[in-house]
Amino acid sequence: MSRRADPPPPQEFLDLCERDEGITINQVVQDVDGFFIGLEQGCDGTCQESLVKYGYRFVEAEAKYGSYDIFVRDPGKYRFTLEKIGHPNCEVFEL
């Protein structure tokens with residue numbers, strides 16, 4: 001059974017969000033080990049960059065679907081970390 005895609009939001013809502021809302025950073029928090037990313041796309045580019053480039057120990061995210069591109073096999077909530085080759089959590093993704 002395939003899941004029906006949600007319709008895109010009306011353009012007027014997208015314009016309002018772009019102009020009046022968006023992401024607001026009230027205060028930068030120093031010395032945190034990780035964070036929750038509010039997207040339901042597994043470990044996408046933002047997640048990977050946070051681990052590799054910015055050195056966070058973990059990123060928590062949700063995945064609506066399983067895909068090897070986002071490092072999840074099944075839908076669910078995950079905590080992503082960098083691990084050494086051969087780690088049991090990574091073997092399904094290793095070539």
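These questions and answers cover the fold, core and salt bridges of a predicted model.

Me: In what order do the elements of the protein chain run from the N terminus?
Reply: The chain has two helices and three strands. Helix α1 spans 11–20 and strand β1 spans 34–36. Helix α2 covers 45–52 and strand β2 covers 58–63. Strand β3 takes residues 76–80. From the N terminus on, the order is α-β-α-β-β.

Me: Which element gives the most residues to the largest nonpolar core?
Reply: This core holds ten residues, including Ile37, Leu51, Val59, Ile70 and Phe80. Two elements, α2 and β2, give two or more residues each. The top contributor, with three residues, is β2.

Me: Is Arg57, the salt-bridge partner of Asp33, buried or exposed?
Reply: The closest N and O atoms of Arg57 and Asp33 are 3.4 Å apart. Arg57 sits in the loop between α2 and β2, Asp33 in the loop between α1 and β1. Asp33 is partly exposed, at 40% relative accessible area. Exposed means over 50%. Arg57 has 58% relative accessibility, so Arg57 counts as exposed.

Me: Which residue forms a salt bridge with Arg79?
Reply: Arg79 lies in strand β3, and its partner lies in strand β2, 19 residues apart in the chain. That partner counts as partly exposed, at 26% relative accessibility. The N to O distance is 2.6 Å, and the partner is Glu60.

Me: What share of the 95 residues in the protein chain is buried?
Reply: Buried means under 20% relative accessible area. Core residues such as Cys43 and Val72 are buried. Over the protein chain, the buried share is 18%.

Notes
Residues numbered from 1 in each chain as written. Predicted model: local features only at pLDDT ≥ 70, side-chain atom pairs only at ≥ 80, totals over all residues. Heavy atoms only, no water. Core = buried A, V, L, I, M, F, W, Y, C linked by side-chain atoms within 4.5 Å. Buried < 20%, exposed > 50% of the residue type's maximum accessible area, 1.4 Å probe, protein only. Helix = DSSP H or I, 4+ residues; strand = E, 2+ residues; numbered from the N terminus. Salt bridge = Lys/Arg side-chain N within 4 Å of Asp/Glu carboxyl O.
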